[in-house]
Each structure stands twice: as C-alpha cells, then as structure tokens.
Amino acid sequence: NDQLLNNLQGKVAALKSLTIDIGNEVKEQNKYLNGMDNDFDFGEGLLGSTMKRLQVMAGKSNKRFTLYLVVFCFGVFSADLLYYKMEIMVLANRSFIDYVLFCMNVAGNLKIIEKYA
C-alpha cells in the first residue's frame, strides 16, 4: 500500500506541476493577445481617421486635387521605373550616359503630360 501511495503522490505532484505550467502559459498567451488587441485597435483608429479625411477630400471634387493625385501617382510610377531601369543598366554594364539619356526622355514625356493637363 505504501508503494502505491508513493506512486499516487508522484503522479499527483506531476499533474500539479503540469497544471501550474499550463496556467502560466495561458497567462502569457492572454498578455500577448491583449497586446495584439490593443495594436489592432490603434491601427483601426488610424485607418478610420485616414478614411474619413480621404472621403472629405474626395467629396469636394476638386479638380486641382485630382490633378495633384494623378501627377503624384505618375511620379511614383516614374521613379519606380527609373530605379528598375537603372538596375537593368547596371546589370547590363551600360554607361551612365545611357541612364542620363533615358532620364531626359522621361522628363520630356512629363512635360508633354503637363502641357495637356
């Protein structure tokens, strides 16, 4: 009986240790989830206020704002294209003069777009 009692006490101690470890893990996971919840709430508030501002700007139907937006998007696209083209030229061992001529061609295209805007 003493041996069975000792075995039972060992099993009870192991279960107690396991449940304490599970409890600690649950507490840590809850802290992590609460932190994520706060981060998502902050992001939601930030996106909500940005969307409200964009709706106000879009509601004004300002032609100048639309033109600025189009020019900005075209500028970002052109900068990305220039960066990509520069990488290709570097990989192809082209000269810097080729890159400058390409940039001048893009600048000429921008002037044509501004003329008709």
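So, confidence first: this is a predicted model, and the mean pLDDT of the protein comes out at 77. Of its residues, 72% reach 70 or more. If you split that by element, helix 1 has the highest mean pLDDT, 86, while helix 3, residues 96–116, has the lowest, 61. And you know the rule here: where pLDDT is low, the predicted coordinates should not be read in detail. With that in mind, I'll spend my time on helix 1.

Quick word on the fold, though. What does the secondary structure come to? Three helices and zero strands, so to speak an α-α-α run when you read the elements from the N terminus on.

Now, burial. How much of the protein is buried? Buried residues make up 5% of the 117 residues. The accessible surface comes to about 10600 Å², and carbon and sulfur atoms account for 65% of that.

Okay, on to the surface patches. There's a nonpolar one, made by L15, L18, I22 and V26, and its area is about 370 Å². Take L18 as our example. L18 sits in helix 1, which covers residues 2–59. Is L18 buried, partly exposed or exposed? Its relative accessible area is 46%, and because the exposed class begins over 50% and the buried class lies under 20%, L18 lands in between, as partly exposed.

The other patch is about charge. Which residues gather in the negative patch on the surface? Those are D37, D39, D41 and E44. Let me pick out D39, which is also placed in helix 1. D39 has a relative accessibility of 56%, and that is over the 50% cut-off, so D39 counts as exposed.

To wrap up: a nonpolar patch with L18 in it, a negative patch with D39 in it, and helix 1 as the element with the highest mean pLDDT. That's it from me.

Terms used:
Residues numbered from 1 in each chain as written. Predicted model: local features only at pLDDT ≥ 70, side-chain atom pairs only at ≥ 80, totals over all residues. Heavy atoms only, no water. Patch = residues over 30% accessible without salt bridge, like charges linked within 9 Å, V, L, I, M, F, W, Y side chains within 5 Å. Areas by Shrake-Rupley, 256 points an atom, 1.4 Å probe, with all protein chains shown as cover. Salt bridge = Lys/Arg side-chain N within 4 Å of Asp/Glu carboxyl O. Helix = DSSP H or I, 4+ residues; strand = E, 2+ residues; numbered from the N terminus. Buried < 20%, exposed > 50% of the residue type's maximum accessible area, 1.4 Å probe, protein only. Lys, Arg positive; Asp, Glu negative; His and termini not counted. Charge placed at Lys NZ, Arg CZ, Asp CG, Glu CD. pLDDT = per-residue confidence, 0-100.
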